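Here is a short, friendly briefing to read alongside the coordinates. It takes the empty spaces of the protein and then a sheet in turn.

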Amino acid sequence: MAFNSLIFLLFFAGVLAVHALPLRWQARKANLLLASYVFYAAWNPPFLVLLWISTLTDWFAARRIRISSGRKRKLYLLLSILVNLGLLGYFKYGGFLEDNFSQLMAWLGVDYQVSGSDIILPLGISFYTFQSMSYSIDVYRDRIKPADSILDFALYVSFFPQLVAGPILRAGYFMQQLVEAHRRRADDFGWGIALIVVGLFEKVVLADGLLAPVVEKVYTLSADTTGIDAWVGTLAFSGQIFFDFNGYSVIAVGLAKCLGFQVPWNFLSPYASVGFSDFWRRWHVTLSAWLRDYLYISLGGNRLGQMRTYANLAMTMLLGGLWHGASWLFVLWGAAHGMLLIIERLSKHLLGGIAFFQGPATKVMLGLLTFVLVTLTWVLFRAPDLDSAARLYAVMLMPSGGINVADLRDVIVVSSVIAALLGTHWFMRNREFGSAMKRLPWPTIAFILAAMLIAILLSAGEERDFIYFEF
Amino acid sequence: MTSFTSNSDPSEPRWGYVWAATILLVGIVVGSWELLVRDAGLGPAYVDNKTLWADTRHQLNKHGQEAIVLLGASRMQRAVDVNTMIDRFDRPVFQLSVEGSSYLPVLENLAVDPRISGTVVVSIAPAFTFNRLLTQLDNGGQAKYIAHYDTQSYARQLEQRLTLFLQGRLAFRAPRAKPAIVIPELLNTGTLPGLDPNTVFRDRTVHVNHDLMPGDQSDEGLAAHYVRNAEPYTRSEFEPFVHYIATIVGMLQQKGVDVYFTRLPSAGAVLALESDYFPREQFWDVLEKNVDATFVHYADYPELEGFLSADGSHIDSARSVEFTAVFSDVLSLNQR
């Protein structure tokens, strides 16, 4: 039941209708929990059990952590981490580990046959295990108290607007919204629906309608393409992945808003980043904050000297890359970002004091350089295998003859969309989307929303899943 | 830096006005677009894609022994008018042929599905059965359809039904009514895009208007395509293939399925090439001898000839109703 489906619209209308009834707050929360389970079960009902395992483990672990001391506290924390990472490890990385082990054995001359078990990746497992686990860690660190109500905690883990692809919520942030009944506000509903339309426009029209076909032309070609095509396809993917994932996240914020909840933004004009640390403060914000708080800082962060800081950065980005998928390409993608972060840190250390690097023109230049380098790393993210990625890098960096797959229309579409995207991100760099939009006169807002809705309705394209559903 | 959380802003727009105006604007524009494209003859149109196919495949599961399933490529899909066949046999008919592809993955899928127990009619177009370049030509066509069908959740099936429901009622959802096609056409020629040469029906019957088809639709044009993509199996390659078909047919028959193989008509340059590349005695006859099923070759039934379109390979859509009636009678004659 993807957000860009008709069946989801009907489902959400039903959930909203019940949520709007004059019921007790507990009953309305129970409705949301039930809806979240129905939403999740719509993909594969047996995987609900995994969601329940994660929920019950952290519910139990956090309560025991609270009343225990010394080694026992650590043991209960370990239980939470082992169960959540165990689920993630088996379902997401089981096949990958087995394949690599078998290749290693073959390399060593040992005939080891893989079991051939076809493990299906449960939707959203990377998101909800991180979310659930962070609750136990926060209780362990005395940042929050364990929840009094299992209903509240279960709803925090499974809240359907953000269950399958984030934004990853923090327990302290979300569960305080569950304590008291929300006052119903027509404004929340109006703004929530507006966000849903904006998100759908990004997904259906921009990501799927305009950019995805160009990306597919370039990235499904098994032979060499031209340098221009490789750049056009990769720039198109830069746009596609942003509009796809940001579209999803904006819809999530909008759905939550319609129900009276706040969910954090996941993207803050990332293509206007100046440098890679800035990029990671703006791209998939809730994941990078999670990795910073629960991994980078746990590894020692920047408190243990220069070399250790670099090592921690590299390790965090490698694992962050692997979090995206069980493939060496994602590991390389994470490694590339780790390396770029280390280079940036070193450069700042050496050149940071030079006035030239503080000027506005230099800032824009560095911003564009950041965008180009980020775009280059997307090749690793999108290419079907290492050979294809190497081939694309070769023609992008040293253009040579190849098969031309992108036509003039593709070039015009991609360059226009990317130029508009960059322009918007630079304009919005220090602005907040909500207040920028709400400052417009109401007829302008109505015109923009109508144009987006018309484009959604008239672009009867092929239905595509959200990219981050694969993670 | 932008604030991490969004939302609260004291000066909320007047959302009631915003949404009333938005709905009005959307209604006017989309309603006008609907009327415009309908006026140009672009009515609601189904798209012959994985969605329509998967829905048909799901429907098949409900009909057990009653069902008649049609497999093959474009020849089968364009030859049979599903409604006519339903009338003729008084049984539900499911068109699962896919243009430009081999039927083998779907035949395998039906063989292992315990719910399938009716009649399966397979159209053998020589280039999609006896051709060693098949995988290259076919690119896993019907296997992709099966994968799509196999991975559909119940929610996805419901979504499919809803999508098809709207496709059959709203002209603005038709592929040719998309602004991305209409606007450039209007700017370039001053007219709306022409009608789609293919009319796809809800039951996956396809009617083709050859006058509207782009490119070379003559039998020579198709024959040239054939030459590029055909290479007969060698005897040693064909033997295991025949054995494999016999095994699948055996699996189907164990469930009580009646299997028919049929060779639909072809003529002119296409037939000449088919006869040259895939002589009947080397391929069709060998298959018939080694596979325990009913075989219907058009050459043995003169009443099946004379319905072809100018391409020499497909039944003329204007005569598909008539052809289906005759074809159904021939199948009935051969009933075991």
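Ala, Val, Leu, Ile, Met, Phe, Trp, Tyr, Cys and Pro count as nonpolar here, Asp, Glu, Lys and Arg as charged, and the others, Gly among them, as polar. With that split, the lining of the second largest pocket divides into 20 nonpolar, five polar and four charged residues. Please keep in mind that this is a predicted model.

**The second largest pocket**

- This pocket has a volume of about 740 Å³.
- Of its 29 lining residues, the closest to the centre are A:Glu202, A:Thr424, A:His425, A:Met428 and A:Phe433.
- Five helices of chain A each give at least two residues to the lining: H8, H9 (227-258), H16 (408-427), H17 (433-438) and H18 (442-458).
- H16(A) brings the largest share of that lining, with six residues.

**The cavity**

- The structure holds one cavity of 30 Å³ or more, and the volume of the largest cavity is about 80 Å³.
- Its lining includes A:Val218, A:Tyr219, A:Leu221, A:Ala223, A:Asp224 and A:Thr225.
- Also in the lining are A:Pro384, A:Ser388, A:Arg391, A:Leu392 and A:Val395.
- Helix H8 (186-219) and helix H15 (386-397) of chain A each supply at least two of these residues.
- The largest share, four residues, comes from H15(A).
- By residue class, the lining of the largest cavity has seven nonpolar, two polar and two charged members.
- Helix H8 of chain A is worth a look in both places: at least two of its residues line the largest cavity, and at least two line the second largest pocket.

**The sheet in chain B**

- Over in chain B, five strands form an open sheet with parallel pairing, in the order S2-S1-S3-S6-S7.
- Strand S2 (93-95) and strand S7 (294-297) of chain B are the edge strands, each pairing on one side only.
- From one strand to the next, the twist averages 20°.
- Four bridges join strand S6 (residues 258-263) of chain B to S7(B), and the two pair in the parallel sense.
- Across from B:Val296 in S7(B) stands B:Thr262.
- Helix H5 (residues 104-112) of chain B packs on the sheet, where it touches strand S1 (68-71) and strand S3 (119-123) of chain B.
- The direction of H5(B) makes about 155° with that of S1(B).

Conventions: Residues numbered from 1 in each chain as written. Chains lettered and ligands numbered in written order. Predicted model: local features only at pLDDT ≥ 70, side-chain atom pairs only at ≥ 80, totals over all residues. Heavy atoms only, no water. Pairing = 2+ DSSP bridges. Axes fitted to C-alpha atoms, helices over the stretch in contact; angles between N-to-C directions. Contact = heavy atoms within 4.5 Å. 1 Å grid on protein atoms, 1.4 Å probe; cavity = no way out; pocket = protein on both sides within 12 Å on 5 of 7 lines; lining within 4 Å. Points joined across faces, edges and corners; volume = space filled by probe spheres on them.
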